[in-house]
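User: Please take a close look at one part of this model. I would like to know how two of its helices pack together, and what surrounds the ligand beside them.

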Amino acid sequence: GQSTKPPPNPSPLRSAKFFQANMRILVTGGAGFIGSHLVDRLMQNEKNEVIVADNYFTGSKDNLKQWIGHPRFELIRHDVTEPLLVEVDQIYHLACPASPIFYKYNPVKTIKTNVMGTLNMLGLAKRVGARILLTSTSEVYGDPLVHPQTEDYWGNVNPIGVRSCYDEGKRVAETLMFDYHRQHGIEIRIARIFNTYGPRMNIDDGRVVSNFIAQAIRDEPLTVQLPGTQTRSFCYVSDMVDGLIRLMEGNDTGPINIGNPGEFTMLELAENVKELINPDVKIITVENTPDDPRQRKPDITKAKELLGWEPKIKLRDGLPFMEEDFRQRLGVPKKA
Ligand code: NAD
Ligand code: UDP
Ligand code: UDP
């Protein structure tokens, strides 16, 4: 093990003349949906140098194409379940598939990514004295018995269900974060992200907003999984990125809920998509998957008080941005 003290931070390298940047930031999972939007925002600050580590399981180089070749940007094909040696000041640790169909595809890999991946990033943070932010999830609340969910609620999670690789994986990741914080003095930040949507979501990743928008554009029926009265709260990706950066830069470890408290049933979501995108589309009901949480809505009091953050973009304003992106990628222009 590493027993040496972390070097002084910022490292002496930062003051060397050839370094334009004074903050070097690692984003794991930076080729994914939220990660690539985060990279866009971080790269807008000329003082930042950004390194992305991603294994491209659910992400793509295409999401980062505008930065490839940029002098302040580096992209590494890397699986976080393996150790990583880089010298950085901050780590945004996002690497992990987020959509149920992808995280259930290879559940053992999902839990390894959450546990070994987070352990490795914490080992890295310890060695170089970096601050690390984990993107945890509202899934740590499971099928919640408290509504809306506050951060002090411990959750109602099935430890042996088909979702456990993801939600129990994230719970262990949170535990690791706090143990490294208490035992080694690592500076940690934990965001509990609620359902997020926006451009660059995988078109066929099975999540509800991407499914409905793709279906509406393709003139296919919107598939509401039964009972249809289950609720979710959807946050537009630019609001999410803003919240994550405020959390990283602020003084609170978290966990802090980052999400949009606007709550919708899946039937209401389908009706909104129908009205905004394709008034002729059918809405049908289909069977659901096991352990689907019946309701979910963040209490964001803490984010408001500690980060001065709240979402700005309402669902009905965000859906058209995503429609535009999906139409471009699917090659289906809007009917005149
Ligand atoms: P995403 O699938 O688009 O992005 C995840 C990225 O991680 C992808 O680029 C993928 O290739 C990469 N990755 C996966 N396993 C990896 C591994 N072992 N090594 C290296 N890279 C790996 O998902 P997203 O929606 O952008 O989610 C990002 C983070 O936010 C995840 O940690 C997810 O759990 C969390 N989160 C997302 C949501 C949401 O609604 N999108 C909700 C709660 C939490
Ligand atoms: N690690 C890493 N990069 C580093 C330092 C550590 O990936 O720069 C990994 C290391 O391989 C180990 C994990 O992080 O698997 C935890 O490291 P730590 O030093 O905390 O524990 P130990 O090595 O003593 O098990
Ligand atoms: N859902 C749906 N139709 C779909 C996909 C999902 O009605 O085509 C429902 C699903 O049953 C769940 C909600 O939408 O209640 C959110 O599912 P998603 O997979 O997007 O995210 P998560 O369950 O992780 O919140």
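Analyst: What follows covers one pair of helices and then the shell around one ligand.

The model is predicted. The pair consists of helix 3, residues 107-128, and helix 4, residues 164-184. Their axes come within 9 Å and cross at roughly 15 degrees. Angles under 35 degrees count as roughly parallel, and helix 3 and helix 4 are therefore roughly parallel to each other. Their crossing is right-handed.

Which residues make the contact? On helix 3 they are P107, T110, I111, N114, V115, T118, L119, L122 and K126. Helix 4 contributes C165, Y166, G169, K170, V172, A173, L176, M177, Y180 and H184. Sorted by class, the contact of helix 3 with helix 4 has 12 nonpolar, 5 polar and 2 charged residues.

Helix 3 also takes part in the surroundings of ligand 1, giving at least two residues to the shell. Helix 1 (33-43) and strand 5 (131-137) each supply at least two as well. The largest share, 3 residues, comes from helix 1. There are 28 residues around ligand 1, and G29, G32, F33, T58 and G59 come nearest. One of these, F33, has the number at which helix 1 begins. By class, the shell around ligand 1 divides into 12 nonpolar, 14 polar and 2 charged residues.

Helix 3 thus appears in both places: in the contact with helix 4 and in the shell around ligand 1.

Notes: Residues numbered from 1 in each chain as written. Chains lettered and ligands numbered in written order. Predicted model: local features only at pLDDT ≥ 70, side-chain atom pairs only at ≥ 80, totals over all residues. Near = placed C-beta within 6 Å. Helix = DSSP H or I, 4+ residues; strand = E, 2+ residues; numbered from the N terminus. Nonpolar A, V, L, I, M, F, W, Y, C, P; charged D, E, K, R; others polar. Axes fitted to C-alpha atoms, helices over the stretch in contact; angles between N-to-C directions. Parallel < 35°, antiparallel > 145°, perpendicular 65-115°, else oblique. Left-handed = near helix turned anticlockwise from the far one by under 90°. Contact = placed C-beta atoms within 7 Å.
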